[in-house]
Amino acid sequence: MANTEVGAAYVSIIPSLKGFGSSIEKDLSGVLSKVTSVAKKGAAAVGAAVSAASAASVKSASDYEQLTDGMKTLFGDASSQVVEDAKNAYRDMGVSANGYMTQVTGIAASLKKSLGGDTTAAAKAAKMAMGDMADNASVFNTSLSDVQETYQSIARGNYQMLDNLKLGFAGTKAGMQELIDKANEFERAQGRAGDLTVDSYADIVQAIHDVQTEMGIAGNAAREASDTMAGSVDMVKAS
C-alpha cells in the first residue's frame, strides 16, 4: 500500500516540476542582466564624471593662461605680484585664482587711471579691494558676485549700488561723499592726511576699506576660512 502511494505521489508531483529548473534559470538570468545593466550605467556615470572633471580642469588651466596674459597687459611689470596675489586668494579671501583675476580685470583700468598709471600701486589697491569685497560678503552674508558688481559699478561712476555694501550709506553720489567724509575722519584720527575725494576711484576703494576697518569688518573672510566649517569649505573649493 505504501509503495503504491509513493508511486502515485511521484506520478503526481514530477510532471508539475517540469520546467521549474528552466524557470529559475530564466529568473536568475533576468536578475544578472539587471545587475550587469546597473553596473554598466554606474561605470558610464563614473566615466562621464571623470571626463567632465578633466574637461573642467583643462578649461580652468586654459582660462588661467589667458587671465595671466591679461594681467601682463593691464599691470605690466607689476603683473607678477597680481598673479601671486591671485594664487593666494583661496586662502585669504576664499576666491579662486581665476576668479580673483577676472574680478581685478573689471577694476584695473579705473584704479590705474586714478593712480596716475602707477601699476604697482594699482596692484596693491586691487588686492585691498578684493579683500574688502570678501570681508563684506562674509559679514553680511551677501553674494560675493553682488559685492563685486557693486565695485565695478562704482568704477563706472554709478553709485546706485553702494547700499549693497550695507555700510549705512545711500546709493547716491551724496551717499558716497558721506562715506568719503567718514573715511577721512578715520584717517585723520590715525594720523594720516585724510584727503580722500569722491572723484578718485582709488580713493573710494581706500575709503571703503577705512570704513570697514573701523567697523571691524576687515579680515573677516580670512578669519572665517580658518575658524569656521563654512569658511573652510569655501577655501577648499576655491583652492
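**Helix 4 and its surroundings**

Helix 4 and helix 6 cross with a left-handed sense. This is a predicted model, and its chain has 10 helices and 0 strands. Of the 239 residues, 33% count as buried. Read from start to end, the pattern is simply α-α-α-α-α-α-α-α-α-α. Below is a quick tour of helix 4, its packing partner, and the salt bridges.

**Helix 4 against helix 6**

- Two packed helices are described by the angle between their axes and the distance between the axes.
- For helix 4 and helix 6 (residues 144-155), that angle is about 20 degrees and the axes lie 9 Å apart.
- Helix 4 therefore counts as roughly parallel to helix 6, because angles under 35 degrees fall in that class.

**Helix 4 on its own**

- Helix 4 covers residues 97-114, which makes 18 residues.
- At 1.5 Å a residue it should span 26 Å, and its end C-alpha atoms are 25 Å apart, so the two figures agree.
- There is a bend, though: helix 4 turns by about 45 degrees at Ile107.
- Ile107 is also one of the buried residues of helix 4.
- The rest of that buried set is Ala97, Asn98, Tyr100, Met101, Gln103, Val104, Ala108 and Leu111.
- As background, an α-helix has 3.6 residues a turn, so residues three or four places apart point the same way.
- Among the buried positions of helix 4 you can pick out Tyr100, Val104, Ala108 and Leu111.
- After helix 4 comes Gly116, which has a positive phi, near 65 degrees.

**A contact far along the chain**

- Leu111, on the buried list for helix 4, sits 6.1 Å from Tyr201, C-alpha to C-alpha.
- In sequence, Leu111 and Tyr201 are 90 residues apart.
- Tyr201 belongs to helix 8.
- With a relative accessibility of 7%, Tyr201 is buried, because the cut-off for that label is under 20%.

**Salt bridges**

- Side chains of opposite charge can pair when their charged atoms come close.
- The model has 4 salt bridges.
- One of them joins Arg91 to Asp92, at 3.1 Å from N to O.
- Both partners are partly exposed: Arg91 has a relative accessible area of 41%, and Asp92 comes in at 27%.
- Another salt bridge pairs Arg192 with Glu187, again with an N to O distance of 3.1 Å.
- Arg192 is partly exposed at 39% relative accessibility, whereas Glu187 is buried at 6%.
- Arg192 also forms a salt bridge with Asp210, at 3.2 Å from N to O.
- That second pairing of Arg192 links distant parts of the chain: Asp210 is in helix 8 (residues 201-214), while Arg192 is in the loop between helix 7 (173-189) and helix 8, 18 residues away.
- Asp210 is buried, with a relative accessible area of just 1%.
- Put together, Glu187, Arg192 and Asp210 form a linked network of salt bridges.

**Where to look on the model**

- For the helix pair, start with helix 4 and helix 6 and their left-handed crossing.
- For the bend, go to Ile107 in helix 4.
- For helix 8, find Tyr201, then Asp210 and its salt bridge to Arg192.

Conventions:
Residues numbered from 1 in each chain as written. Predicted model: local features only at pLDDT ≥ 70, side-chain atom pairs only at ≥ 80, totals over all residues. Heavy atoms only, no water. Helix = DSSP H or I, 4+ residues; strand = E, 2+ residues; numbered from the N terminus. Expected span 1.5 Å × (residues − 1). Bend = angle between axes of the 7 residues up to and from the residue. Buried < 20%, exposed > 50% of the residue type's maximum accessible area, 1.4 Å probe, protein only. Salt bridge = Lys/Arg side-chain N within 4 Å of Asp/Glu carboxyl O. Axes fitted to C-alpha atoms, helices over the stretch in contact; angles between N-to-C directions. Parallel < 35°, antiparallel > 145°, perpendicular 65-115°, else oblique. Left-handed = near helix turned anticlockwise from the far one by under 90°.
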